[in-house]
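Work through the exercises below with the sequence and the model at hand. Each task is followed by a solution in steps.

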Amino acid sequence: MVRPAVHSGRSLALAAGIALALAAAAPPAPGQSAGPERYATLPAASPDGRRIAVQAGAYSRERPEISTADIWVIEVATGRATCVTRRERPWLDETPSFLPDGRIVFQSTRAGRFDVWIMRADGTRPRRVTP
């Protein structure tokens with residue numbers, strides 16, 4: 001049985017601060033000018049408490065078709081953050097949540113509409129779940 005890691009509020013605050021820095025530093029998508037609002041949101045802890053997944057993106061209310069969002073995984077103990085989703089064109093990978101087996105379930109527009117997807121926590125083997 002895997003025991004959840006115990007962390008102080010300080011380490012969780014560090015991870016949240018890193019998530020916000022990621023959002024501010026996220027480069028615009030191809031063809032996207034600087035200007036959309038950038039932020040990180042919806043943190044989700046892994047079952048063992050060692051990682052936090054967040055969505056970080058750039059959102060344009062005037063031109064939603066250029067909005068982008070990626071999922072980042074942050075190691076709570078070290079603060080190391082890794083973008084686990086990649087894109088060739090603007091799309092939204094959002095609302096990450098860890099499954100009990102450590103995979104991440106999320107919603108994405110990568111197939112043209114919002115669908116539910118599952119991937120490994122490192123971003124490999126993404127698979128659409130909704131028909």
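**Exercise 1. An arginine with an unusual phi**

Task: Decide whether Arg125 counts as buried or exposed, and locate Arg125 in the chain.

Solution. Start with accessibility. Arg125 counts as exposed because its relative accessibility is 60%. The cut-offs are under 20% relative accessible area for buried, over 50% for exposed, and partly exposed in between, with a 1.4 Å probe and protein chains only. Next, the place: Arg125 sits in the loop between S7 and strand S8 (127–128). Strands (E, at least two residues) and helices (H or I, at least four) are DSSP runs, numbered from the N terminus. Now the backbone. Phi of Arg125 is positive, near 55°, and the residue is not glycine. Most residues other than glycine have a negative phi.

Some ground rules apply throughout. The model is predicted, so local features need pLDDT of at least 70 and side-chain atom pairs count only at pLDDT 80 or more, while totals for chains, interfaces and linings use all residues. Residues are numbered from 1 along each chain as its sequence is written, and side-chain values use heavy atoms, with hydrogens and water left out.

**Exercise 2. The overall layout**

Task: State how many helices and strands the chain has, and give their pattern along the sequence.

Solution. Count the elements: one helix and eight strands. Then read along the sequence: α-β-β-β-β-β-β-β-β. Add burial: of the 131 residues in the chain, 44% are buried.

**Exercise 3. The open sheet**

Task: Give the order of the four strands in the open sheet, then find its edge strands.

Solution. The order is S5-S6-S7-S8, with antiparallel pairing. S5 and S8 are the edge strands, each pairing on one side only. Two strands pair if DSSP finds at least two bridges between them. Now take the pairs in turn. Strand S5 (residues 93–98) is antiparallel to S6, over four bridges. Within this pair, Phe98 has Ile104 of S6 as its bridge partner. The hairpin of S5 and S6 has five residues between the strands, and Gly102 there has a positive phi near 95°. At the other end of the order, S7 and S8 are antiparallel over two bridges. Here Trp117 stands opposite Arg128 of S8.

Check S5 for a second backbone feature. Thr95 lies in S5. Its phi is near 50°, again positive in a residue other than glycine. Thr95 counts as partly exposed because its relative accessibility is 33%.

**Exercise 4. The nonpolar cores**

Task: Find which strands each supply at least two residues of the largest nonpolar core.

Solution. First list the core. It has 10 residues: Ala53, Ile71, Val73, Val84, Phe98, Ile104, Phe106, Trp117, Met119 and Ala121. A nonpolar core is a set of buried Ala, Val, Leu, Ile, Met, Phe, Trp, Tyr and Cys residues joined through side-chain atoms within 4.5 Å. Then assign the strands: S3 (68–75), S6 (104–108) and S7 (115–119) each supply at least two residues. A second, separate core has eight residues, including Ile52, Val54, Ala56 and Trp72.

Look closer at one member. Neighbours within four places in sequence aside, Ile71 has contacts (heavy atoms within 4.5 Å) that include Ala53, Val84, Phe106 and Met119.

**Exercise 5. A threonine in a loop**

Task: Is Thr85 buried or exposed, and which side chain makes a polar contact with its side chain?

Solution. Place Thr85 in the loop between strand S4 (81–83) and S5. Thr85 is buried because its relative accessibility is 3%. Its side chain makes a polar contact with the side chain of Asp70, at 2.9 Å. A polar contact is a pair of N or O atoms within 3.5 Å; within protein, one must be able to donate a hydrogen and the other to accept it, and residues adjacent in sequence count only if both atoms are side-chain atoms. A polar atom of the Thr85 side chain also lies 3.0 Å from the backbone nitrogen of Ile71. Leaving aside neighbours within four places in sequence, Thr85 is in contact with Asp70, Ile71, Asp93, Arg110 and Met119.
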